[in-house]
Amino acid sequence: MITRKRLAAGVCALLAALTAGIAFPAGAAAGEPTGQAAPKVDLVLDVSGSMRARDIDGQSRMAAAKQAFNEVLDATPEEVELGIRTLGADYPGDDRKTGCKDTAQLYPVGPLDRTEAKTAVATLTPTGWTPIGPALLKAADDLEGGDGSKRIVLISDGEDTCAPLDPCEVAREIAAKGIGLTIDTLGLVPTAKLSRQLSCIAEATGGTYTSVEHQDELTDKVNQLVDRAADPVVTPVATEGADRCTAAPTLKSGLYSDREEFGQQRWYRVDVLPGQELRASVSVAADRAVNPAYGVLLRAVTVKGREIVRGEAAGNGRTDVISTGLRYPEPERDDTDGDKPAAETVCLAVTHSFSAASGVKTTPGLPLELTVDVVDGPSRAGDVASFGLGRGWWLLGALILTGFLAGLVWGWLSRWRVAVWRTN
């Protein structure tokens, strides 16, 4: 059994490897970035009547947005396919049903013609409603197709006016499709209510929320998000865990995404050859209001039900994501008689203790991200589990011997000094 200290070190190493962008072996890893498909970005701009307010550096919010868009269009990387969608730009009337359909593609997602895009932006005038939910649904359709990264950047100065089509629920539905689409949100001079809504939308898809009160802040943030879309990314492969090990999907090294209902347990299988080491980590995100005090448990179990090792973590409501991990080395075998050794099937069980707050929908389940890596183990895989010390036993033995010899020398010197003192 691997101790907490050794497990924590393994998890940190695994997370550090992922952060550094280490790709999995070609042809063997799920979720590997190919670098072939062009990244896509859809800028979704609020053009509702409230954008007339003059509170951003002495100019209207609309003027600040136009200036920011022009600078962003100039700086957009050549490899990024960019489009612009508006909401509230065309209907000035009071009919709510019509106003909540007011979203249109101003510039289609594709290779960027900077002059044409700037001309389209220049025609915008603050007009009508704020149908954020419908606009997000249409923007997701704008980005359909292709395997590259997909990102929606939503810029709004007011909360949605078209409930009950809750934009948070829309974002969760988009995330549940498993198409790897991220929604980032920016609030122009936001109220507390707007900040909560835009934060909820971003968190549902793993995006970011930013409050903006100056034109240069808007330009810098949108530029940053567009540039980020061009960075190589590892897109999780959508999978579906089972309710028991025997029915679970077999996973190879890679990054996987799933959904787990409240009170549910998800099972996955991984084959580990003798001399290899299984490293796995899991993250569960609360994309809606949940009760404080929760945890996540990741267990490695044999097909016969014996637990091998576990990783667990607890939270108290201060973070929306909780993660844990584990490592399991499969020892070498000496009784194979020259035959190719058979792999051991390890069952991974994921359980979380999130509970939905009152009145919050429980479906779809909470987003789950599972990382699996099977690597060559140390020369003696059994050493890794030696009370968490591994080859540290050599250092411990040297320290004990040094301490013993130092004690003998100090004792002899002490007796000699006492003898000399008595003699004198």
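This is a guided tour of one predicted model, going from its salt bridges to an aromatic pair, a sheet and a few single residues.

Residues are numbered from 1 along each chain as its sequence is written, and side-chain values use heavy atoms, with hydrogens and water left out. Because the model is predicted, local features need pLDDT of at least 70 and side-chain atom pairs count only at pLDDT 80 or more, while totals for chains, interfaces and linings use all residues.

**Salt bridges**

A search of the whole structure finds 15 salt bridges, a salt bridge being a side-chain nitrogen of Lys or Arg within 4 Å of a carboxyl oxygen of Asp or Glu. Begin by selecting D55 and R61, whose closest N and O atoms are 2.6 Å apart in one such bridge. D55 is partly exposed, with a relative accessible area of 32%, whereas R61 is buried at 10%; here buried means under 20% relative accessible area, exposed over 50% and partly exposed in between, computed with a 1.4 Å probe on protein chains only.

Select D74 and K118 next, a salt bridge in which the closest N and O atoms are 2.5 Å apart. D74 lies in helix α2 (residues 61-75) and K118 in helix α4 (residues 114-122), so this pair ties together parts that are 44 residues apart in sequence. Helices (H or I, at least four residues) and strands (E, at least two) are DSSP runs, numbered from the N terminus. Both partners are partly exposed, D74 at 47% relative accessibility and K118 with a relative accessible area of 26%.

Then move to R279 and E277, whose side chains meet in a salt bridge at 2.8 Å, N to O. R279 is partly exposed, with a relative accessible area of 26%, while E277 is buried, with a relative accessible area of 1%. Before leaving the salt bridges, select D55, R61 and D157 together, since bridges that share partners join these residues into one network.

Which side chain makes a polar contact with the side chain of E277? Keep E277 selected and add R327, whose side chain makes that contact at 2.6 Å. A polar contact is a pair of N or O atoms within 3.5 Å; within protein, one must be able to donate a hydrogen and the other to accept it, and residues adjacent in sequence count only if both atoms are side-chain atoms. R327 is found in strand β13 (residues 321-329) and counts as buried at 14% relative accessibility.

**The aromatic pair**

The search of the whole structure finds 1 aromatic pair, where rings of Phe, Tyr and Trp (its six-membered ring) pair if their centres lie within 6.5 Å, and planes under 30 degrees apart count as stacked, over 60 as edge-to-face and the rest as tilted. Select Y294 and F354: their ring centres are 4.3 Å apart and their planes stand at 20 degrees, so the pair is stacked. Y294 lies in strand β11 (residues 294-302) and F354 in the loop between β14 (344-352) and β15 (366-376), so the pair ties together parts that are 60 residues apart in sequence. Y294 is buried, with a relative accessible area of 5%, and F354 likewise counts as buried at 4% relative accessibility.

**The sheet**

Now show the strands β9, β14, β11 and β12, which in that order form an open sheet of 4 strands with antiparallel pairing; two strands pair if DSSP finds at least two bridges between them. At the edges stand β9 (265-272) and β12 (307-315), each with a single partner strand, so one side of each is left without a neighbour in the sheet. Between β9 and β14, which run antiparallel, there are 8 bridges, and Q265 stands opposite T351 in β14.

**Two residues to finish**

Select Q264, which lies in the loop between β8 (254-260) and β9 and counts as partly exposed at 25% relative accessibility. The side chain of Q264 reaches the backbone nitrogen of E261 at 2.8 Å, and Q264 and V350, though 86 residues apart in sequence, are 8.7 Å apart in space, C-alpha to C-alpha.

The last stop is H352, in strand β14, which counts as buried at 5% relative accessibility. The side chain of H352 reaches the backbone oxygen of E261 at 3.5 Å and the backbone nitrogen of F354 at 3.1 Å. Leaving aside neighbours within four places in sequence, H352 is in contact, meaning heavy atoms within 4.5 Å, with residues including E260, F262, V284 and L366.
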